[in-house]
Amino acid sequence: MKKWIPNSRWIVLWIALTVGCAPVLQKPAGIDPFVQSLKREMVKQINRDRAQHGLSPVAYDELAAMAGDRHCREMLSAGYVSHWDRSGAKPYYRYAQMGGDDFLAENISFSKFSSSDPTAHINVRETLLKNHKKMLAEQPPDDGHRQTILNPHHTHVGIGLAFDPHRVVMAQEFLSRYVRFDPSPPRKAKLKDRVEVSGSVLDTGHKLRSITVLYEPLPTPMSVKALNKTDGYTLPEERYDLLPNLDGDRNYEDGTKADIIIQGRTFRSPIPFFKGEEGIYTVVVWIYDEEGRPVPASNVSIRVTR
């Protein structure tokens, strides 16, 4: 079994965008309760849509919302719309660097409003709901946003939001939370370091399948022009698969030894920096759901330098 697979394919998350560059105004006093009410309403709408398709509701996650807010504020102030930020970081890396451990999938929407009337302004609530419904109405094969909203394995969501009188930017940060790390893995390491992850599967109905370590180069700053040309994002293609122990300490048929030690619902595994190069190494824990389908349950990105 060849464990380093440089050409694996990942599902692309698509983004439809148009761009405006109006200046950002100072946030008025007392706006926070309004923002929080908009976020609560969006979560309720998401759960109504999921219920109509027979799916479980998602709970609100404050850390994911904070990651979304930070990204939305930067997009609004710099005048771009992208899953990448100005440092060149993707959503899962930004979330991990803020301390998040779960698997993350991001939707973004953007709208702008122009009028010859200087007193006219965009209706934020109406725009958010309209953009959400537009994402939900997508048709295959260009229905990445819809698939993300209606993913049966998502358990939580954070809503990021930023707006001014003429523009509204929203980020829906969906999470899949099925494992708990103990302790939480490091976010920075050196190539010479030996890093190990340990934790447990949260639900007795789930079973750990494997762990994949993904590699990509360190992010580099991006211009606003370059950001506005981006589309969907993917997880990295270069990967190293870690395998669970077999009964009786048996090896796999090709002689490959187990990497992950599993005892009940707990697991422990080394995390190899297999490229031997600086970069971002993202740890994806895979579980089996109740129907035996593989589900990604983490996006822990470690920034590795010399």
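The paragraphs below go through the confidence, the two sheets, the cavity and the cis peptide bonds of this structure.

This is a predicted model, in which local features need pLDDT of at least 70 and side-chain atom pairs count only at pLDDT 80 or more, while totals for chains, interfaces and linings use all residues. Residues are numbered from 1 along each chain as its sequence is written, and side-chain values use heavy atoms, with hydrogens and water left out. The mean pLDDT (the predictor's confidence in each residue, from 0 to 100) of the protein chain is 89, and 89% of the residues score at least 70. Over residues 1-29 pLDDT stays under 50, and for this stretch the model has 81 contacts (heavy atoms within 4.5 Å) beyond four places in sequence.

Helices and strands here are DSSP runs numbered from the N terminus (H or I over at least four residues for helices, E over at least two for strands). Strands count as paired if DSSP finds at least two bridges between them. In general, strands of a sheet pair through backbone hydrogen bonds, either parallel or antiparallel.

One open sheet has four strands in the order β2-β4-β5-β3, with mixed pairing. Its edges are β2 (59-60) and β3 (103-112); each has a single partner strand, so one side of each is left without a neighbour in the sheet. Strand β4 (residues 156-163) pairs with strand β5 (residues 167-176) in the antiparallel sense over eight bridges, and G160 stands opposite A171 in β5. Two helices can be described against this sheet. α1 lies across β2, β4 and β5 and runs at about 135 degrees to β4. Helix α2 (residues 62-78) packs on the sheet and touches β2, β3, β4 and β5, its direction making about 25 degrees with that of β4. For these angles, axes are lines fitted to C-alpha atoms, for helices over the stretch in contact, and the angles run from 0 to 180 degrees between N-to-C directions.

Another open sheet of four strands has the order β6-β8-β12-β11, and its pairing is antiparallel. Here β6 (179-181) and β11 (261-263) stand at the edges, each with a single partner strand, so one side of each lacks a neighbour in the sheet. From one strand to the next the twist averages 25 degrees. β11 runs antiparallel to strand β12 (residues 266-271), joined by three bridges, with I262 opposite F267 in β12.

α1 returns in the lining of the largest cavity: α1 (32-52) and α4 (124-136) each supply at least two of the lining residues. These residues are L38, E41, M42, R125, L128 and L129.

Two cis peptide bonds remain. In general, most peptide bonds are trans. The bond from P140 to P141 is cis, with omega near 5 degrees, and P141 is found in the loop between α4 and α5 (144-149). D182 and P183 are also joined by a cis peptide bond, with omega about 0 degrees; P183 is in the loop between β6 and β7 (188-190).

Note on methods. On a 1 Å grid over the protein atoms alone, a cavity is a set of points where a 1.4 Å probe fits but cannot get out, and a pocket is an open set with protein on both sides within 12 Å along at least five of seven lines; lining residues have an atom within 4 Å of a point.
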